[in-house]
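Here is a short report on one protein chain. Look over the sequence and the fold, then read on.

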Amino acid sequence: MEDVEVPGVKEILEAGHKYNRQPEELTANYVGGWLLCQITAEAIRLAIQKVGYDNLTGRAVRDGFASITDYDTKGVAGSVGGLISLSDSKPFVCTGCWMYCVREGKPVCISGFIEYLGCYKTILGL
């Protein structure tokens, strides 16, 4: 997440420094939040393109997420080439998480990757 040779990361870190963040504050969570905001904006853009602003609903935005194909994250995402594709069966980006606790004012990872895809399958009725 801190490899400034990756174009997307360089842009994110520059924006972070512009808004007075200290280098130690620009963590993977900061980059991940930036990435999720970009993908959400793309889903909303696709929804508006399909149904129009006046007909924008939560379902239209969900369908916008499901229609994202090969969204270029400029290498930021962990997928091959930084491309993100979603679908009706996976209209979400995150499939799990790591557990953290705060020690001496800093987040410390205390677990391996915990997959929670089953929660989405239950909610979506898959």
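Start with Glu42. At 16% relative accessibility, Glu42 counts as buried, because buried means under 20% relative accessible area. This residue is found in helix α2. Leaving out residues up to four places away in sequence, Glu42 touches Ile68 and Tyr71. Keep in mind that this is a predicted model.

**The chain as a whole**

The chain has four helices and six strands. Along the sequence, the pattern reads α-α-α-β-β-β-β-β-β-α. Of the 126 residues, 27% count as buried. The chain exposes about 8,500 Å². Carbon and sulfur atoms supply 56% of that area. Now take the contacts with a separation of 6 or more: residues 24 or more positions apart account for 31% of them.

**The core**

Which residues make up the largest nonpolar core? There are twelve: Leu35, Ile39, Ala43, Leu46, Ala47, Ala60, Val61, Phe65, Ile68, Tyr71, Ile84 and Leu86. Helices α2 (28-51) and α3 (58-66) each supply at least two of these residues. The largest share, five residues, comes from α2. Ile68 and Tyr71, the two residues that Glu42 touches, are both on the core list.

Leu86 is another core member. Not counting residues up to four places away in sequence, Leu86 touches Phe65, Ala66, Ile68, Pro91, Phe92 and Val93. Among these partners, Phe65 and Ile68 also belong to the core.

**A patch on the surface**

Nonpolar residues appear on the surface too. Ile44, Ile48, Val51, Tyr53 and Leu56 make a nonpolar surface patch of about 410 Å². One of them, Ile48, lies in helix α2. Ile48 is partly exposed, with a relative accessible area of 31%.

**The cysteines**

How many disulfides does the structure hold? It holds zero. Why do Cys101 and Cys109 form no bond with each other? The sulfur of Cys101 is 9.2 Å from the closest cysteine sulfur, in Cys109, and that is too far for a bond. A disulfide needs the two sulfur atoms within 2.5 Å. Seen from Cys109, the closest cysteine sulfur is the one in Cys101.

Four residues discussed above can be set side by side by their relative accessible area.

| Residue | Relative accessible area | Class |
|---|---|---|
| Glu42 | 16% | buried |
| Cys101 | 23% | partly exposed |
| Ile48 | 31% | partly exposed |
| Cys109 | 37% | partly exposed |

Conventions. Residues numbered from 1 in each chain as written. Predicted model: local features only at pLDDT ≥ 70, side-chain atom pairs only at ≥ 80, totals over all residues. Heavy atoms only, no water. Core = buried A, V, L, I, M, F, W, Y, C linked by side-chain atoms within 4.5 Å. Buried < 20%, exposed > 50% of the residue type's maximum accessible area, 1.4 Å probe, protein only. Helix = DSSP H or I, 4+ residues; strand = E, 2+ residues; numbered from the N terminus. Contact = heavy atoms within 4.5 Å. Patch = residues over 30% accessible without salt bridge, like charges linked within 9 Å, V, L, I, M, F, W, Y side chains within 5 Å. Areas by Shrake-Rupley, 256 points an atom, 1.4 Å probe, with all protein chains shown as cover. Salt bridge = Lys/Arg side-chain N within 4 Å of Asp/Glu carboxyl O.
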